[in-house]
There are 2 protein chains.
Amino acid sequence: MTATENIFGDLPVAAADEAVAALLSRPGLRIERIVSTGQASPPGFWYDQDWDEWVMVLSGAALLRIESEPEVRRLAAGDYLLIPAQCRHRVEWTDPAAATIWLAIHVAPDHCDG
Amino acid sequence: MTATENIFGDLPVAAADEAVAALLSRPGLRIERIVSTGQASPPGFWYDQDWDEWVMVLSGAALLRIESEPEVRRLAAGDYLLIPAQCRHRVEWTDPAAATIWLAIHVAPDHCDG
């Protein structure tokens with residue numbers, strides 16, 4: 001039986017890179033905590049994933065761009081969405097003044113067209 | 001592409017039962033939001049599930065009893081743990097004064113002994 005842990009605890013110090021920690025890994029499933037401290041996706045970079053990602057911001061704030069959408073999405077605590085596989089997206093901005101904590105659940109895609 | 005939603009939004013009014021909403025359902029995976037407003041498990045009742053449950057409290061407070069443990073676990077915002085399949089547990093108490101919002105991720109068990 002695992003101990004209780006806290007998603008807001010044990011934060012990494014601000015660093016050049018986001019801090020990614022796997023909380024649970026299973027075949028076809030990975031739950032991650034991602035801590036951003038002002039990072040954004042590199043210019044011109046798009047995430048283009050083979051898996052669906054259900055993602056929620058738990059603290060902080062971020063701007064998420066979906067390539068197919070005209071407007072950037074502003075995410076704050078409690079905001080969540082499903083980013084389907086092959087939906088190109090990028091993080092335009094995260095709050096540099098406070099940790100932005102994401103819960104990301106990577107799952108096998110609903111439909112495989114590959 | 002789904003809209004952004006907020007886990008703290010659209011709360012049900014206090015009712016006799018907990019409010020459970022499926023946020024994502026896939027074979028072997030279900031993500032739920034559970035809103036408790038003072039409910040507890042009935043006396044003598046134990047959850048005894050065939051699936052693993054990764055659960056996090058997002059707001060409010062709860063007391064969770066694991067049958068095999070001498071002490072009850074007090075959970076507050078950000079606390080999470082994995083409750084393995086067949087690990088008997090019950091909710092002893094949730095805060096009657098504020099909504100306790102849980103994120104529950106039900107997944108196929110790591111090992112199947114059945």
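The exercises below, each with a worked solution, concern a predicted model with chains A and B.

**Exercise 1. Work out how chain B can be laid on chain A, and through which surface the copies meet.**

Solution. Begin with the superposition: a turn of 180° together with a shift of 0.0 Å along the axis lays chain B on chain A with an RMSD of 0.0 Å. The two copies are thus related as by a two-fold rotation axis. Then turn to the interface, where 100% of the interface residues of chain B are also interface residues in chain A, so the copies meet through the same surface.

**Exercise 2. Describe the secondary structure of chain A and decide how its radius of gyration stands against the globule rule.**

Solution. Start with the elements, which for chain A come to zero helices and nine strands; read from the N terminus, the order is β-β-β-β-β-β-β-β-β. For the second step, the radius of gyration of chain A is 14 Å, and since the globule rule gives 13 Å for 114 residues, which is close to that value, the chain is as compact as a globular protein of that length. The extent of the C-alpha trace of chain A can be added here, as it spans about 40 × 35 × 25 Å along its principal axes.

**Exercise 3. Characterise the burial, contacts, surface and charges of chain A.**

Solution. Take burial as the opening step: of the 114 residues in chain A, 42% are buried, where buried means under 20% relative accessible area. Next consider the contacts in chain A with a separation of 6 or more, of which 67% are between residues 24 or more positions apart. The accessible surface of chain A comes to about 5,700 Å², and carbon and sulfur atoms account for 54% of that area. Finally, chain A has 8 positive and 17 negative charges, and the mean positions of these two sets are 2 Å apart.

**Exercise 4. Locate residue 10 in chains A and B, and state what is notable about its phi and its accessibility.**

Solution. In chain A, A:D10 lies in the loop between β1 (5-6) and β2 (19-26), and in chain B, B:D10 is likewise placed in the loop between β1 (5-6) and β2 (19-26). As background for the next step, most residues other than glycine have a negative phi. A:D10, although not a glycine, has a positive phi near 55°, and B:D10, also not a glycine, has a positive phi of about 55°. For accessibility the cut-off for exposed is over 50%, so A:D10 at 74% counts as exposed, and B:D10 at 75% counts as exposed too.

**Exercise 5. Place A:A98 and A:A76 in chain A, classify their accessibility, and relate them to residues elsewhere in the sequence.**

Solution. A:A98 belongs to the loop between β8 (89-94) and β9 (100-107) of chain A, whereas A:A76 is part of strand β6 (residues 73-76) of chain A. With a relative accessibility of 36%, A:A98 counts as partly exposed; A:A76, with a relative accessible area of 33%, is partly exposed as well. For distances, A:A98 and A:T37 are 61 residues apart in sequence, yet their C-alpha atoms are 6.5 Å apart in space. A:A76 and A:M56 are 20 residues apart in sequence and 8.8 Å apart in space, C-alpha to C-alpha. As a last step, once neighbours within four places in sequence are left aside, A:A76 is in contact with A:V57 and A:G60.

Technical notes: Residues numbered from 1 in each chain as written. Chains lettered and ligands numbered in written order. Predicted model: local features only at pLDDT ≥ 70, side-chain atom pairs only at ≥ 80, totals over all residues. Heavy atoms only, no water. Least-squares fit on C-alpha atoms with pLDDT ≥ 70 in both. Contact = heavy atoms within 4.5 Å. Helix = DSSP H or I, 4+ residues; strand = E, 2+ residues; numbered from the N terminus. Rg over C-alpha atoms; globule rule 2.2 N^0.38 Å. Buried < 20%, exposed > 50% of the residue type's maximum accessible area, 1.4 Å probe, protein only. Areas by Shrake-Rupley, 256 points an atom, 1.4 Å probe, with all protein chains shown as cover. Lys, Arg positive; Asp, Glu negative; His and termini not counted. Charge placed at Lys NZ, Arg CZ, Asp CG, Glu CD.
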